[in-house]
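Got the model open in your viewer? Let's walk through it together, one question at a time.

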Amino acid sequence: MSESIDRLIKAFTRLPGIGPKTAQRLVLHLLQKDRRSAAELSSALAAALERVRNCERCRDLTDGPVCRICADPRRRNGLLCVVESPADVLAMENSGVFGGQYHVLMGHLSPIDGVGPEDLGLDALVRRIDGGDYSELILALNANVESDATAHYIHEILKDRRLAITRLAQGLPVGGELEYVDGGTLRHALLGRQRVPQ
Ligand SMILES: [Zn+2]
């Protein structure tokens, strides 16, 4: 069609969940029907690329040197939650049940991909715990083999510190029916079973 359009379509197809057809539809929409949104998208993306970086304390994505959560004195309640990605921070925040601070790994240990402890900022995490007043470290990692290994590693390097280390209970999804739950989830739910209060 045109070199510029081809280049734009190719750029869109590199995004997760966008195939060639969707990319083509989006590009034609932006260029033909909604050039104002296209201009806003372009300037917002340029501004974000220029400004967004990792928070100096928790590594989450933020505009300034320190993110809003780390800068908020009300979030200093002794709880530190380790998550794998900025999307996980959003999920935790949306749940509305956690009022502490985060450490964002930006991945998990993966020897095959060359991701080691230093890539996850674990030395900074240890320094943060040694220099802060934390009573509990919550490991809110995903439920898969590599994330389990990561949680185990973090537990190993921090188990002698004076703080409780906990993991999210893994179990049945709220509203889920037993027969539709996959075997791994059911296994976790069974292994993590708790005594029914008397
Ligand atoms: Zn932060």
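Buried here means under 20% relative accessible area, exposed means over 50%, and partly exposed is in between. Keep in mind that this is a predicted model.

Q: What percentage of the 198 residues of the chain count as buried?
A: A residue has to come in under 20% relative accessible area to be called buried. Go through the 198 residues of the chain with that cut-off, and the buried share is 29%.

Q: Which pattern does the chain follow along the sequence?
A: The chain has eight helices and six strands to put in order. Reading along the sequence, you get α-α-α-β-β-α-β-α-β-α-β-α-β-α.

Q: Is the chain more spread out or more compact than the globule rule gives for 198 residues?
A: For 198 residues, the globule rule gives 16 Å. The radius of gyration of the chain is 21 Å, well over that, so compared with a compact globule the chain is more spread out.

Q: What are the rough dimensions of the box that the C-alpha atoms fill?
A: The box is taken along the principal axes of the chain. Its sides come to roughly 70 × 45 × 35 Å.

Q: How far apart are the mean positions of the positive and negative charges?
A: The chain carries 25 positive and 26 negative charges. Take the mean position of each set, and the two are separated by 4 Å.

Q: Which element supplies the largest share of the largest nonpolar core?
A: This core has 17 residues, and Val-82, Leu-105, Leu-125, Ile-129, Leu-137, Ile-154 and Leu-158 touch the most other members. Strand S3 (79-83), helix H6 (122-131), strand S5 (136-139) and helix H7 (145-158) each put in at least two residues. The largest share is four residues, and the element they come from is H6.

Q: Which residues does Leu-137 contact, leaving aside neighbours within four places in sequence?
A: Leu-137 is one of the core residues that touch the most other members. Its contacts include Leu-163, Ala-164, Ile-165 and Thr-166. The others on its list are Leu-80, Val-82, Leu-125, Ile-129, Ile-154 and Leu-158.

Q: Is Thr-150 buried or exposed?
A: You'll find Thr-150 in helix H7. Not counting residues up to four places away in sequence, it touches Leu-105, His-108, Leu-109, Leu-120 and Leu-141. With a relative accessibility of 0%, Thr-150 counts as buried.

Q: How far apart in space are Val-89 and Asp-60, C-alpha to C-alpha?
A: Val-89 is in helix H5 (residues 86-95), and at 3% relative accessibility it counts as buried. Leaving out residues up to four places away in sequence, Val-89 touches Asp-60, Ile-69, Val-83, Tyr-102 and Val-104. Val-89 and Asp-60 are 29 residues apart in sequence, while their C-alpha atoms are separated by 8.1 Å.

Q: Why does Pro-117 count as partly exposed?
A: Pro-117 is in the loop between strand S4 (101-104) and H6. Beyond four places in sequence, its contacts are Leu-109, Leu-122 and Tyr-153. Partly exposed covers what falls between under 20% and over 50%. Pro-117 gets that label because its relative accessibility is 26%.

Technical notes:
Residues numbered from 1 in each chain as written. Predicted model: local features only at pLDDT ≥ 70, side-chain atom pairs only at ≥ 80, totals over all residues. Heavy atoms only, no water. Rg over C-alpha atoms; globule rule 2.2 N^0.38 Å. Buried < 20%, exposed > 50% of the residue type's maximum accessible area, 1.4 Å probe, protein only. Lys, Arg positive; Asp, Glu negative; His and termini not counted. Charge placed at Lys NZ, Arg CZ, Asp CG, Glu CD. Core = buried A, V, L, I, M, F, W, Y, C linked by side-chain atoms within 4.5 Å. Contact = heavy atoms within 4.5 Å.
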